[in-house]
Number of protein chains: 2
Amino acid sequence: MGCESETVDLLRETGHKMTPQRMMILTSLRHASGHLTAAEVFERVKTVYPYVDISTVYRTLTVLKDLHLIAETDMGGGDATFEWVVAERHHHLICRKCSQVTQLDHRYLAEVGARIGRDLGFRADLDHFAIFGLCAACQRELTEEAARGAAH
Amino acid sequence: MGCESETVDLLRETGHKMTPQRMMILTSLRHASGHLTAAEVFERVKTVYPYVDISTVYRTLTVLKDLHLIAETDMGGGDATFEWVVAERHHHLICRKCSQVTQLDHRYLAEVGARIGRDLGFRADLDHFAIFGLCAACQRELTEEAARGAAH
DNA sequence: AGAGTAAGCGCAACTGGTTGCAATTACGAT
DNA sequence: ATCGTAATTGCAACCAGTTGCGCTTACTCT
């Protein structure tokens with residue numbers, strides 16, 4: 001505790017309460033190295049306080065997400081993951097074949113966001129995007145497969 | 001029928017079968033004016049053939065999506081929507097306050113996609129993106145609210 | 001410090017979507 | 001036209017996530 005004080009203030013200022021459960025959920029995300037699914041957060045909190053309900057986890061994640069303290073991303077694996085929003089914004093390139101995840105610098109999208117704002121007046125939330133596609137390796141594999149298919 | 005023959009061929013060529021259920025799901029999407037949710041597709045098909053199972057709808061949607069015949073988009077309303085992939089690619093700007101949907105020309109993202117491909121070798125699927133954010137009107141509203149909040 | 005109140009909690013019921021399985025059926029090969 | 005096979009179907013069980021509700025509790029105000 002101690003390093004969470006700003007977060008507590010933000011919660012209070014927005015009319016929310018800081019409960020023990022919320023604190024545990026929050027710290028488990030804060031101190032996780034990367035992305036966590038809701039179930040993972042649930043597991044981690046349960047080791048400290050076994051009586052938490054999964055619905056509390058989901059409700060808290062929703063609150064934190066609305067306050068932009070955490071970012072939700074669909075990494076393609078079916079379940080959404082959550083991660084503490086850090087200073088440097090970044091995005092993910094996710095291969096839909098091998099599921100490999102690569103980071104993408106924010107600059108790639110910042111410019112598009114700016115242009116959309118300029119042209120259409122729409123302020124795009126481009127904090128944390130998951131872009132699906134095919135990684136270089138899988139592209140090669142697929143073209144080779146296609147070549148074999150055409151040959152036979 | 002008749003206008004679906006190319007689609008049927010594509011299915012066959014990729015080792016799939018064309019079943020009556022599949023045909024109905026396909027045409028309901030093909031002839032729908034815009035986006036349909038899975039439940040909507042289910043309802044439409046049921047009017048013709050009441051015995052379809054919802055799981056068949058989901059499974060077929062997955063197949064069609066994998067073949068890029070339809071595009072899945074999370075329009076924010078909680079449930080994903082599907083639409084027939086038309087010639088001109090486009091994207092959607094969805095306001096997270098008023099849920100208004102605006103179309104965005106593909107050119108905005110095409111360039112980013114090209115750059116990602118060039119720099120990182122990753123071929124991004126940018127066929128049909130849903131970009132969340134705040135529309136111009138809601139931005140104005142929010143800044144006014146903030147001004148009122150600061151004043152009192 | 002104490003009281004009132006609205007937010008939050010855990011439970012249980014529910015919903016939307018997925019999956020395993022046995023029966024069926026479309027399709028390529030004969 | 002018929003056969004064999006693999007894909008597909010419908011059912012039912014299942015799972016992840018959501019919601020309604022009565023009880024509890026953090027926070028505000030005095």
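**Two protein chains on two DNA strands**

Colleague: How far is a phosphate oxygen of DNA strand D from an N or O atom in the side chain of Thr19(B)?
Modeller: This is a predicted model: local features need pLDDT (the predictor's confidence in each residue, from 0 to 100) of at least 70, side-chain atom pairs count only at pLDDT 80 or more, and totals for chains, interfaces and linings use all residues. Residues are numbered from 1 along each chain as written, chains are lettered from A and ligands numbered from 1 in the order written, and side-chain values use heavy atoms, without hydrogens and water. The pair is a polar contact (N or O atoms within 3.5 Å; within protein, one must be able to donate a hydrogen and the other to accept it, and residues adjacent in sequence count only if both atoms are side-chain atoms). The phosphate oxygen and the Thr19(B) side-chain atom are separated by 2.7 Å.

Colleague: Which residue has a polar side-chain atom 3.4 Å from a base oxygen of DNA strand D?
Modeller: Arg12(A) is not the one here: its polar side-chain atom lies 2.7 Å from a phosphate oxygen of strand D. The base oxygen is reached by a polar side-chain atom of Arg59(A).

Colleague: What share of the atoms of DNA strand D within 4 Å of the protein belongs to sugar or phosphate?
Modeller: 21 residues are around strand D, with a heavy atom within 4 Å of it. Among those that come nearest are Tyr58(A) and Arg22(B). Bases make up the rest of the strand D atoms; the sugar or phosphate share is 69%.

Colleague: How many residues of the surface near DNA strand D are charged?
Modeller: Helix H4 (54–66) of chain A, and helices H2 (20–30) and H4 (54–66) of chain B, each supply at least two residues of this surface. Helices are DSSP runs (H or I, at least four residues), and strands are E runs of at least two, numbered from the N terminus. Ala, Val, Leu, Ile, Met, Phe, Trp, Tyr, Cys and Pro count as nonpolar, Asp, Glu, Lys and Arg as charged, and the others, Gly among them, as polar. Six are nonpolar and seven polar; the charged ones number eight.

Colleague: Which residue has a side-chain N or O atom 3.2 Å from a base nitrogen of DNA strand C?
Modeller: Met18(B) uses a backbone N or O atom, 2.9 Å from a phosphate oxygen of strand C. Tyr51(A) also uses a backbone N or O atom, 3.5 Å from a phosphate oxygen. The base nitrogen pairs with the side chain of Lys17(B).

Colleague: What turn lays chain A on chain B?
Modeller: The copies are superposed by least squares on C-alpha atoms of residues with pLDDT of at least 70 in both. The RMSD is 0.2 Å, with a shift of 0.2 Å along the axis and a turn of 179°. That is the relation of a two-fold axis. In chain A, the C-alpha nearest that axis is that of Val112(A), at 3.8 Å, and the turn is 179°.

Colleague: What is the order of the three strands in the open sheet of chain A?
Modeller: Two strands pair if DSSP finds at least two bridges between them. Strands E1 (36–37) and E2 (70–74) are the edges, each pairing on one side only. E1(A) pairs with E3 (80–84) over two bridges. The pairing is antiparallel, and the order is E1-E3-E2.

Colleague: Which element of chain A has the lowest mean pLDDT?
Modeller: Chain A has a mean pLDDT of 79. H4(A) has the highest mean among the elements, 90. Residues 148–152 stay under 50, with zero contacts (heavy atoms within 4.5 Å) beyond four places in sequence. The lowest mean, 63, belongs to helix H6.
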